[in-house]
Amino acid sequence: MTRLTGRALRVTVFVGESDLWHHRPLYTEIVGRAREAGLAGASVFRGIEGFGASSLIHTQRLLSLSEDLPVAVVVVDTEERIRAFLPQLDELVGEGLVVLDACEVVRHVGRRKPA
């Protein structure tokens, strides 16, 4: 696992909670592949409301649509490593939005292993 500080790139993938990859949640596959690639970190955030290219609003207030809430998968690492990971996202994300942002990591510290 990379210890990261300084300039970095953040990729955010916006998909639906019910999007699948081989019968698994798509967001789980993205996080797993990011980990396998040795990227510095990845997190999944569940939205309470949103819409995408289809303009269909997904919200937890409407029972019929509450099973497909928006999900954002955020991955941060060096620009080189994130750009090398993009082809995997091209393979995985059939519908959704992938956004790149420059960012600065000021602290990246993991848990200490027990002695």
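Strand 1, residues 6-16, pairs with strand 8 in the antiparallel sense, and 9 bridges join the two. Within this pairing, Arg 10 has Asp 101 of strand 8 standing opposite. The model you are looking at is predicted, and its protein chain comes to 2 helices and 8 strands. Here is a quick tour, starting from that strand pair.

**The sheet**

- Strands 1 and 8 belong to an open sheet of 4 strands, whose order is 4-7-1-8 and whose pairing is antiparallel.
- At the edges sit strand 4 (41-46) and strand 8 (97-105), each of which pairs on one side only.
- From one strand to the next, the twist averages 20°.
- In general, strands of a sheet pair through backbone hydrogen bonds, in either a parallel or an antiparallel way.

**The helices**

- Helix 1, made of residues 26-36, packs on the sheet and touches strand 1, strand 4 and strand 7 (70-77).
- The direction of helix 1 makes about 5° with that of strand 7.
- Helix 2, residues 79-92, lies across strand 1, strand 7 and strand 8.
- Relative to strand 1, helix 2 runs at about 20°.

**The nonpolar cores**

- The largest nonpolar core holds 18 residues, and Val 11, Val 13, Ile 30, Val 75 and Leu 89 have the most contacts inside it.
- Strand 1, helix 1, strand 7 and helix 2 are the elements that give two or more residues to this core.
- Helix 2 is the element that gives the most, with 5 residues.
- Which residues does Val 11 contact, leaving aside its neighbours within four places in sequence? They are Val 73, Val 74, Val 75, Ile 82, Leu 86, Leu 89, Val 98, Val 99 and Leu 100.
- Another core, of 5 residues, lies apart from the largest one, and Ala 8, Ala 40, Cys 103 and Val 105 are among its members.

**The chain as a whole**

- Read from the N terminus, the elements follow the pattern β-β-β-α-β-β-β-β-α-β.
- Of the contacts in the protein chain with a separation of 6 or more, 75% are between residues 24 or more positions apart.
- Buried residues make up 30% of the 115 residues in the protein chain.
- The protein chain exposes about 8000 Å², and carbon and sulfur atoms supply 52% of that area.

Note on methods. Residues numbered from 1 in each chain as written. Predicted model: local features only at pLDDT ≥ 70, side-chain atom pairs only at ≥ 80, totals over all residues. Heavy atoms only, no water. Pairing = 2+ DSSP bridges. Axes fitted to C-alpha atoms, helices over the stretch in contact; angles between N-to-C directions. Contact = heavy atoms within 4.5 Å. Buried < 20%, exposed > 50% of the residue type's maximum accessible area, 1.4 Å probe, protein only. Areas by Shrake-Rupley, 256 points an atom, 1.4 Å probe, with all protein chains shown as cover. Core = buried A, V, L, I, M, F, W, Y, C linked by side-chain atoms within 4.5 Å.
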